[in-house]
Amino acid sequence: MKTVGGADKIQAIRTLRRIGKLTGDDGFEAGVMEESSRPNRVRQEFSIQGMARIKAYDGANGWKIDPFGGKKDPEALSEEELRSIVEDSDFDEPLIDYKQKGNKVEYAGTDQIEGTDVYKLRVTLKSGDTRTYYMDTDSYVPIKMDAKQIIRGTPQETETTLGDYKQVAGWFLPFSMEGREKGSSGSQKITFDKIEFNVPIDSTRYFRPKPPASGGSR
């Protein structure tokens, strides 16, 4: 994992703020922002025309505000939303310090992705979900990732292409991610305009806001 950044450089990064946009095949576009703090806090915002859907995880509990669903007050995440955001909250991604996180990594041979030689690493997450990372044999960064989750008893498979790697404080991070459900022609692409590191992020942004006090109390 040296080329990805080296453990010491990665450990020195305590917060990340990623800002960019999500685009769909049909021309759909939305703003995205993700804030992360070590070891496992994350806040994701998805905004269209001044309205923002928020999902966040404070290291123990997850919540969301979904104005597109007509909801103004914070509510708990569904079981699958929570599982997904817990995985997203892993600041370093599952391969780094995988044993301490309860993940299992297996070497699954070599392959080629669009002419690029890759090593395949199969990761079984603590949750039981699996991911296969296709690591560029030269740079050791993942250029593709297949994920498999069991949702309500049904396997759901997605594939994500990772690209446009740039150094953020010595850590190589993808500025482009394109995902699709396996077998589907439609995809969504996230492109980050900037990724900031060690920015001050108020920890209250990760915690569920208390609903306004109801009238009648003195």
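This report describes the confidence, nonpolar cores, backbone details and one pocket of a protein chain.

**Confidence**

The structure is a predicted model. The mean pLDDT of the chain is 92, and 95% of its residues reach 70 or more. Among the elements of the chain, strand S2 (residues 29-37) has the highest mean pLDDT, 98. Helix H1 (residues 7-11) has the lowest, 86.

**The nonpolar cores**

The largest nonpolar core has 15 residues. Those with the most contacts inside this core are Leu16, Val168, Trp171, Leu173 and Ile195. At least two residues of this core come from each of four strands: S1 (15-24), S2, S12 and S13 (188-197). The largest share is that of S12, with 3 residues. Apart from this core lies another, of 8 residues, including Leu95, Leu121, Leu125 and Met135.

Leucine 173 belongs to strand S12 (residues 171-181). Is leucine 173 buried or exposed? Leucine 173 counts as buried because its relative accessibility is 4%, and the cut-off for buried is under 20%. Beyond its neighbours within four places in sequence, leucine 173 is in contact with Leu16, Arg18, Asp164, Tyr165, Lys166, Val168 and Ile195. Glutamate 159 is 14 residues from leucine 173 in sequence, and the two C-alpha atoms are 18 Å apart in space.

Leucine 16 also has contacts with residues over four places away in sequence. Among them are Val168, Trp171, Leu173 and Ile195, which are named above for their contacts inside the largest core. Leucine 16 also touches Glu34, Glu35 and Ser36, as well as Phe91 and Ile201.

Serine 176 lies in strand S12 too. With a relative accessible area of 14%, serine 176 is buried. Leaving out residues up to four places away in sequence, serine 176 touches Thr161, Leu162, Gly163, Asp164, Lys189 and Ile190. Asp164 is thus a contact of serine 176 and of leucine 173.

**Backbone details**

Most residues other than glycine have a negative phi, and most peptide bonds are trans. Which peptide bond is cis, with omega near -10°? The bond runs from arginine 38 to proline 39. Proline 39 sits in the loop between S2 and strand S3 (41-48).

Two residues other than glycine with a positive phi are aspartate 164 and asparagine 198. The table sets out their values.

| Residue | Phi | Place | Relative accessibility |
|---|---|---|---|
| Aspartate 164 | near 50° | strand S11 (residues 154-168) | 41%, partly exposed |
| Asparagine 198 | near 50° | segment after S13 | 37%, partly exposed |

Why does aspartate 164 count as partly exposed? Its relative accessibility is 41%, and partly exposed covers values between the cut-offs of 20% and 50%. Asparagine 198, at 37%, counts as partly exposed as well.

**The second largest pocket**

Rolling a probe the size of a water molecule over the atoms shows where empty space is left. The second largest pocket has a volume of about 490 Å³. How many residues line the second largest pocket? The lining has 19 residues, and Val86, Glu87, Ser89, Asp90 and Lys101 lie nearest the centre of the pocket. By class, 9 of the lining residues are charged, 6 are nonpolar and 4 are polar. Helix H2 (residues 79-88) gives the most to this lining, with 3 residues.

Definitions and conventions: Residues numbered from 1 in each chain as written. Predicted model: local features only at pLDDT ≥ 70, side-chain atom pairs only at ≥ 80, totals over all residues. Heavy atoms only, no water. 1 Å grid on protein atoms, 1.4 Å probe; cavity = no way out; pocket = protein on both sides within 12 Å on 5 of 7 lines; lining within 4 Å. Points joined across faces, edges and corners; volume = space filled by probe spheres on them. Nonpolar A, V, L, I, M, F, W, Y, C, P; charged D, E, K, R; others polar. pLDDT = per-residue confidence, 0-100. Buried < 20%, exposed > 50% of the residue type's maximum accessible area, 1.4 Å probe, protein only. Contact = heavy atoms within 4.5 Å. Core = buried A, V, L, I, M, F, W, Y, C linked by side-chain atoms within 4.5 Å.
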